[in-house]
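Visitor: Please choose one part of this model and look at it closely. I would like to know how it is held in place by its surroundings.

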Amino acid sequence: MAEVHAMATAQESADPSLALLTVEEAARRLRIGRTTCFRLVRAGEIESVTVGRLRRVPADAVPAYVAKLRHRPAEAA
């Protein structure tokens, strides 16, 4: 049963026709934790919109965030 749910979740999160993603779906696409993704959304690092009382991440905001990370200067350790 868990395998069926995992397969459905994987197909759903990879569906290119989705215009808006839940924060959890965006986190799965980025391979980060749900809490980290909510923190990034709250900080404005990842674009999000509200639909009624729901918070959604535009599908194109995920690759935009990755591009922003790739062009950010390396931080000194």
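Guide: What follows is a close look at helix H4, then at its surroundings.

This is a predicted model, in which local features need pLDDT of at least 70 and side-chain atom pairs count only at pLDDT 80 or more, while totals for chains, interfaces and linings use all residues. Residues are numbered from 1 along each chain as its sequence is written, and side-chain values use heavy atoms, with hydrogens and water left out.

First, the setting. The protein has four helices and three strands. Both are DSSP runs numbered from the N terminus: helices are H or I with at least four residues, strands are E with at least two. Along the sequence the pattern is α-β-α-α-β-β-α.

Now H4, residues 61-70. Its buried residues are Ala 61, Val 62 and Tyr 65. Buried means under 20% relative accessible area; exposed means over 50%, and partly exposed lies in between (1.4 Å probe, protein chains only). The three cover an arc of only 105° around the axis, so they sit on the same side of H4. That arc is taken from the directions from the helix axis to the C-beta atoms. On the other side of H4, Pro 63 and Arg 70 are exposed.

What covers the buried side? The cover includes E1, H2, H3 and E3. H3 packs back: its buried residues lie against H2, E3 and H4. Those residues are Cys 37, Leu 40 and Val 41. They fall within an arc of 100° seen down the axis, so they line one face of H3. Thr 35, Arg 42 and Ala 43 are exposed on the other side of H3.

The strands that help cover H4 belong to an open sheet. Its order is E1-E3-E2, with antiparallel pairing. E1 (20-21) and E2 (49-51) are the edge strands, each pairing on one side only. E1 meets E3 (residues 54-58) over two bridges; two strands pair if DSSP finds at least two bridges between them. Leu 20 stands opposite Pro 58 in E3.

Val 62 also has a place in the largest nonpolar core. This core has 14 residues, and Ala 26, Cys 37, Ile 46, Val 57 and Val 62 touch the most other members. A nonpolar core is a set of buried Ala, Val, Leu, Ile, Met, Phe, Trp, Tyr and Cys residues joined through side-chain atoms within 4.5 Å. H2 (23-30), H3 (34-43) and H4 each supply at least two core residues. H2 gives the largest share, four residues. Beyond its neighbours within four places in sequence, Cys 37 is in contact (heavy atoms within 4.5 Å) with Val 23, Ala 26, Ala 27, Ile 32 and Ile 46.

Last, the charged side chains. Lys 68 forms a salt bridge with Glu 45, the closest N and O atoms being 3.9 Å apart. A salt bridge is a side-chain nitrogen of Lys or Arg within 4 Å of a carboxyl oxygen of Asp or Glu. This pair links H4 to the loop between H3 and E2, 23 residues apart. Lys 68 is partly exposed, at 37% relative accessibility. Glu 45 is partly exposed too, at 29%. Arg 72 also bridges to Glu 45, at 3.1 Å from N to O. Arg 72 lies in the segment after H4, 27 residues from Glu 45. Through shared partners, Glu 45, Lys 68 and Arg 72 make one network.
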